[in-house]
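Okay, thanks for coming, everyone. Let me put the model up, and then I'll walk you through it.

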Amino acid sequence: MATAAAHRTTAEAQDAEAERTAAHEAAFDAAVAADERIEPRDWMPDAYRASLVRQMAQHAHSEIIGMQPEANWITRAPSLRRKAILMAKVQDEAGHGLYLYSAAETLGTGREELLDKLHSGRQKYSSIFNYPTLTWADVGAIGWLVDGAAITNQVPLCRCSYGPYARAMVRICKEESFHQRQGYELLLHLSNGTPEQHAMAQDAVDRWWWPSLMMFGPPDDESAHSAQSMTWKIKRHSNDELRQRFVDIAVPQAEALGLTLPDPDLRWNEERGHHDFGAIDWDEFWDVLKGNGPCNEQRISQRRTAHEEGAWVREAASAYAAKHGKAAA
Ligand SMILES: [Fe+2]
Ligand SMILES: [Fe+2]
């Protein structure tokens, strides 16, 4: 008898729990449908939380790994003005990483854990940063094309359904637009400079154009997370839509720069109202993603070294916080 009663109680408790979950789910779906923001204390499906953590972590990692290719040129910037601009830009990227790791913390995932996953190769960063910066003009091409592609991707994220991510993106996008403009202005100077400078600018654009198009991720029909992210309003536009938007923006800018884009199939399509462009080498994309790009090993080993060498700063900061916490108590 007692066992039957216990069974009944367990079954009732399960029913009540299922009812609560259903009510939570309905409230979550309604909030997303009404374009309201989901905040850290709100109930959210486990898969939504996991998907956000994965995307925000990958984004944060890209910001801090992305400091390396450009930092490579700080000591060799051609003037004090250029050096000051580049240092500010690289520092901004560190800040973007911090906003995003903090935003991920609101979902219950600590920075230590995410950095550990980056360092052990269990989480990725944008593959674009596995290409080398061979000349000073690469700083311009990265600003114009890589930061430009990042803005195209990130402006819609300012309306992402998760509040802390959306708010971090507002500030990041403002800074990214400065990054894009400094790169454009740098290339404009080189393009209108000596024939050697012009050639250097053209060579950098030739090397960065295709990897920039790959930054939008695989084509829509091969993109694993896209459909669900769009339903949750984390993502607002598909990879191919954003890539097309970027190409349409870049073509007239290239003309104004007096530089060409390395794609013989690039032309205006009157009917579509967009530029057609050539086939992207997806084999290269997957290969670099798998770790076989020109700089994958270097980027991760530098990151690990920086983390290890910064251990004393983290220890000192914790000791300071503990001391002052005690004093305040
Ligand atoms: Fe950034
Ligand atoms: Fe940037």
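So, the metal site: along the chain, the donors of the iron ion (ligand 1) follow the spacing E-x29-E-x2-H-x79-E. Donors here are N, O and S atoms within 2.8 Å of the metal (3.2 Å for Na, K and Ca), and water is not among the atoms, so sites may look incomplete. Glu-63 and Glu-93 tie together parts that are 30 residues apart in sequence, because Glu-63 sits in helix H2 (residues 46-65) and Glu-93 in helix H4 (residues 80-105). Helices are DSSP runs of H or I, at least four residues, numbered from the N terminus.

Quick housekeeping: this is a predicted model, where local features need pLDDT of at least 70, side-chain atom pairs count only at pLDDT 80 or more, and totals for chains, interfaces and linings use all residues. Residues are numbered from 1 along each chain as its sequence is written, chains are lettered from A and ligands numbered from 1 in the order written, and side-chain values use heavy atoms, leaving out hydrogens and water.

Back to the iron: the full set of protein donors is Glu-63 (OE), Glu-93 (OE), His-96 (ND1) and Glu-176 (OE), at 2.0 to 2.2 Å from the iron ion (ligand 1). Glu-93 also bridges to the iron ion (ligand 2), with the two ions 3.4 Å apart. Both Glu-63 and Glu-93 are buried, meaning under 20% relative accessible area (exposed is over 50%, partly exposed in between; 1.4 Å probe, protein chains only).

One last oddity: Asp-35 has a positive phi of about 65 degrees without being a glycine, and Asp-35 lies in the loop between helix H1 (2-33) and H2.

How values were computed
Helix = DSSP H or I, 4+ residues; strand = E, 2+ residues; numbered from the N terminus.
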